[in-house]
Amino acid sequence: MKRAAAVLLCLALLLLPGCAPRARTSTVYAMDTVMELTAYGDRALVDEAVTLIHDLEEHLSVTAAGSDIARVNAEGHADVDPGTARLISRALDLCKLTDGVLDITVYPVVRAWGFTTGKYRVPEEAEIGSLLEKVDYTAVTVHGERVTLPQGAMLDLGAVAKGWTGDRIASLWREAGLKSGLVNLGGSVQAIGGKPDGGAWRVGIRDPFSEEVLGAVSVRDMAVVTSGGYQRYFEENGVRYCHIIDPAAGRPADSGLASVTVIGPEGVVCDGLSTAVYVMGLERAEKLWRENQGFDLVLVTDSGEVFITDGIEDSFTPMGDYEDTEIQVIRRG
Ligand code: AMP
Ligand code: MG
């Protein structure tokens, strides 16, 4: 009898919320942003993820001397970490998918505008024109671990690195058996499983016009990645110049979109597409979405209109100032 009572007590304790795995968290400053990691499991998993973030930053940074990317850029070719080679190949596929609106060789132009160095300036048309001659992702080759660029070209993985990092952390944690975790790499979120109580994660999407959120999307095992002009920009003579460059013009994107969120299973895809869709604008974004499967969009226009694609119609909830805004749903039709 006593034994039965003890078994019952143990069962009851197991069902108490206190018996659920504890939240292990860490805040890291890396890749120019604040990163927040939460795993409902072993502390060691969070520590391993922090080590992975620093390791990836060392390989992928365009500014840190000795990184894979800096070596490729300095010499025009280099043998890189196998993971870096894989990321470059994935990024090149996304450049192709977006018809070069995403272009990982746009770095000479990004640098001329002062992004990545912080020495902001508006370059002359002639300078932009000659830099654009070096921009062409189709000329990049990856053979095994050897990456080669044409003369004068330079790579920048800034548009995909955080999404890729989220994917790598998610794989690390899933392979270790983690059932519940959330990684926020400064606007690039990865949900691992659902919440510890079994519900979906609710990921907030920032209002591009304030510090508030405009809504939340409920997800499990998904990436939610946002690109927006508000994330990094400078102003000169009353004009705002953002860090996302339209490779066709060599100038900061000005497509009528204030922010773009892409939701899908892979962070690297969501990250690449969020940057590209920000450049494309609403109409081309709709076309890209109709012609491809596997991701959804939340688009906010400069005038504050909100568009979502129909895959997230039931999982997106507007919040705050946006509760009374009409959310326009883009359908495959
Ligand atoms: P994200 O924050 O993911 O939208 O990426 C923006 C970063 O990607 C910028 O800070 C640049 O380093 C780089 N970038 C800007 N424009 C482009 C572009 N059209 N294609 C690829 N990378 C870009
Ligand atoms: Mg991106």
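**Exercise 1. The ligand site**

How many residues surround ligand 1, and which are the closest? Work from the predicted model.

*Solution.*
Step 1. Count the neighbours: 14 residues surround ligand 1.
Step 2. Pick out the closest. They are Asp 156, Ser 227, Ile 245, Asp 271 and Thr 275.
Step 3. Look for polar atoms. The side chain of Asp 156 places an N or O atom 2.5 Å from an oxygen atom of ligand 1. The side chain of Thr 275 has an N or O atom 2.7 Å from an oxygen atom of the ligand.
Step 4. Check the backbone too. A polar backbone atom of Ile 245 lies 2.8 Å from a nitrogen atom of ligand 1.

**Exercise 2. Two domains and their contact**

Describe how the chain divides and how the parts meet.

*Solution.*
Step 1. Take the bounds from the domain assignment. Domain 1 comprises 2-57 + 160-330, and domain 2 comprises 62-148.
Step 2. Find the separation. Over C-alpha atoms, the centres of domain 1 and domain 2 are 25 Å apart.
Step 3. Count the residues in contact. Domain 1 contributes 29 and domain 2 contributes 24.
Step 4. Give the buried area. About 2,300 Å² is buried between domain 1 and domain 2, and carbon and sulfur atoms give 75% of that area.
Step 5. Name the main contributors on one side. Trp 164, Phe 234 and Pro 247 supply 26% of the area that domain 1 buries against domain 2, more than any other three residues.

**Exercise 3. Polar links and the domain 1 face**

Find the polar links between the domains, then break down the domain 1 side.

*Solution.*
Step 1. Count the salt bridges between domain 1 and domain 2: there are two.
Step 2. Inspect a salt bridge at Glu 266. The side chain of Glu 266 meets that of Arg 90, at 2.9 Å from N to O.
Step 3. Count the polar contacts. Three residue pairs, both members at pLDDT 80 or more, are in polar contact between the two domains.
Step 4. List the elements that give two or more residues to the domain 1 side. They are α7 (161-175), β11 (233-236), β12 (239-242), β14 (251-252), α8 (267-280) and α9 (282-291).
Step 5. Rank them. α8 gives the most, with eight residues.
Step 6. Sort that side by residue class. It holds 18 nonpolar, five polar and six charged residues.

**Exercise 4. A salt bridge within a helix**

Why can Arg 43 and Asp 47 be described as about one helical turn apart?

*Solution.*
Step 1. Start with the total: the count comes to twelve salt bridges.
Step 2. Take the pair in question. Arg 43 forms a salt bridge with Asp 47, and the closest N and O atoms are 3.6 Å apart.
Step 3. Use the spacing. Arg 43 and Asp 47 are about one helical turn apart because they lie four residues apart in helix α2 (residues 43-60).

**Exercise 5. Positive phi in loops**

Locate two non-glycine residues with positive phi.

*Solution.*
Step 1. Take Asp 32. Its phi is positive, about 65°, although Asp 32 is not a glycine. Asp 32 sits in the loop between β1 (23-30) and β2 (33-40).
Step 2. Take Asn 237. This residue is not a glycine either, yet has a positive phi of about 45°. Asn 237 belongs to the loop between β11 and β12.
Step 3. Link back to Exercise 3. β11 and β12 are among the elements that give two or more residues to the side of domain 1 touching domain 2.

Technical notes: Residues are numbered from 1 along each chain as its sequence is written. Chains are lettered from A and ligands numbered from 1 in the order in which they are written. This is a predicted model: local features need pLDDT of at least 70, side-chain atom pairs count only at pLDDT 80 or more; totals for chains, interfaces and linings use all residues. Side-chain values use heavy atoms; hydrogens and water are left out. Domain bounds come from an automatic or database domain assignment. Contact means heavy atoms within 4.5 Å. Buried area is the accessible area (1.4 Å probe) that two parts lose on being put together, summed over both. A salt bridge is a side-chain nitrogen of Lys or Arg within 4 Å of a carboxyl oxygen of Asp or Glu. A polar contact is a pair of N or O atoms within 3.5 Å; within protein, one must be able to donate a hydrogen and the other to accept it, and residues adjacent in sequence count only if both atoms are side-chain atoms. Ala, Val, Leu, Ile, Met, Phe, Trp, Tyr, Cys and Pro count as nonpolar, Asp, Glu, Lys and Arg as charged, and the others, Gly among them, as polar. A residue is near a molecule or strand if one of its heavy atoms lies within 4 Å of it.
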